[in-house]
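Got the structure open? Let's walk through it together, one piece at a time.

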Amino acid sequence: RMSKANGFENDVLELAFNSTLAAHLGVLDTTGNANLFVALHTGDPGEGGSQTTSECAYGAYARVSVTRASDGSGWTVSGNQVQNTAVINFPECTSGSETVTHFSIGTLTSGAGQILYKGALSASRNVSSGITLQFPATSITITED
């Protein structure tokens with residue numbers, strides 16, 4: 001089994017989250033999404049799931065768009081890690097209730113978007129009318145190893 005070297009890990013993160021192509025990765029295409037979309041889930045969407053797998057459906061729920069920009073305004077890449085640069089605010093719940101256990105970062109604003117990364121929340125969060133969930137700046141950390 002092999003792992004990527006740290007320099008390449010950082011290049012992949014720069015490409016995925018900041019839409020910046022390192023000179024030696026010229027064969028990769030950067031014409032994809034200008035944004036990534038953070039989703040909330042009531043269970044682990046799994047390695048083969050999509051963003052609709054166990055996705056939240058409370059009143060007014062929607063995925064949150066985060067820009068992929070070379071200026072780092074959406075995501076900050078350093079070393080072999082990426083973090084959200086700003087607060088990610090989900091819409092306030094207007095009806096229903098759910099227990100949120102996981103999140104994902106994927107490719108579509110709605111529908112069965114491909115999950116790029118997923119993770120469990122450090123603690124489950126109960127959502128009901130009037131509750132707004134958010135990820136504070138730098139609270140999502142993805143490490144390539």
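Find strand 6, residues 98-106, and strand 7: the two run antiparallel and are joined by eight bridges. To see one such pairing for yourself, click on F103, whose bridge partner in strand 7 is G119. Keep in mind as you look around that this is a predicted model.

Now zoom out a little. Strands 6 and 7 belong to an open sheet of four strands, in the order 2-1-6-7, with antiparallel pairing. At the edges stand strand 2 (64-67) and strand 7 (115-127). Each of these has a single partner strand, so one side of each is left without a neighbour in the sheet. From one strand to the next, this sheet twists by 25 degrees on average.

There's another open sheet to find. This one is made of three strands in the order 3-4-9, again with antiparallel pairing. Its edge strands are strand 3 (75-78) and strand 9 (141-143), each pairing on one side only. Here the twist averages 20 degrees from one strand to the next. Look at strand 4 (residues 81-84): three bridges pair it with strand 9 in the antiparallel sense. If you want a residue to click on, try Q83, which has T141 in strand 9 as its bridge partner.

Next, let's stop at a single residue, E55. Where does E55 sit? You'll find it in the loop between strand 1 (35-41) and strand 2. Is E55 buried or exposed? Its relative accessible area is 19%, and the cut-off for buried is under 20%, so E55 counts as buried. What does E55 touch, once its neighbours within four places in sequence are left aside? The list is A39, L40, H41, Y61 and R63. With R63 there is also a polar contact, side chain to side chain, at 2.8 Å.

Finally, step back and take in the whole chain. The protein chain has one helix and nine strands, and if you start from the N terminus, the helix comes before the strands. Of its 145 residues, 40% count as buried. Now think about which parts of the sequence meet in space. Take the contacts between residues at least 6 apart in sequence: 72% of them join residues at least 24 apart. As for the outside, the accessible surface comes to about 7400 Å², and carbon and sulfur atoms account for 49% of that.

Conventions: Residues are numbered from 1 along each chain as its sequence is written. This is a predicted model: local features need pLDDT of at least 70, side-chain atom pairs count only at pLDDT 80 or more; totals for chains, interfaces and linings use all residues. Side-chain values use heavy atoms; hydrogens and water are left out. Buried means under 20% relative accessible area, exposed over 50%, partly exposed in between (1.4 Å probe, protein chains only). Contact means heavy atoms within 4.5 Å. Accessible areas come from the Shrake-Rupley method with a 1.4 Å probe; for residues, only the protein chains shown count as cover. Two strands pair if DSSP finds at least two bridges between them. Axes are lines fitted to C-alpha atoms, for helices over the stretch in contact, and angles run from 0 to 180 degrees between N-to-C directions. A polar contact is a pair of N or O atoms within 3.5 Å; within protein, one must be able to donate a hydrogen and the other to accept it, and residues adjacent in sequence count only if both atoms are side-chain atoms.
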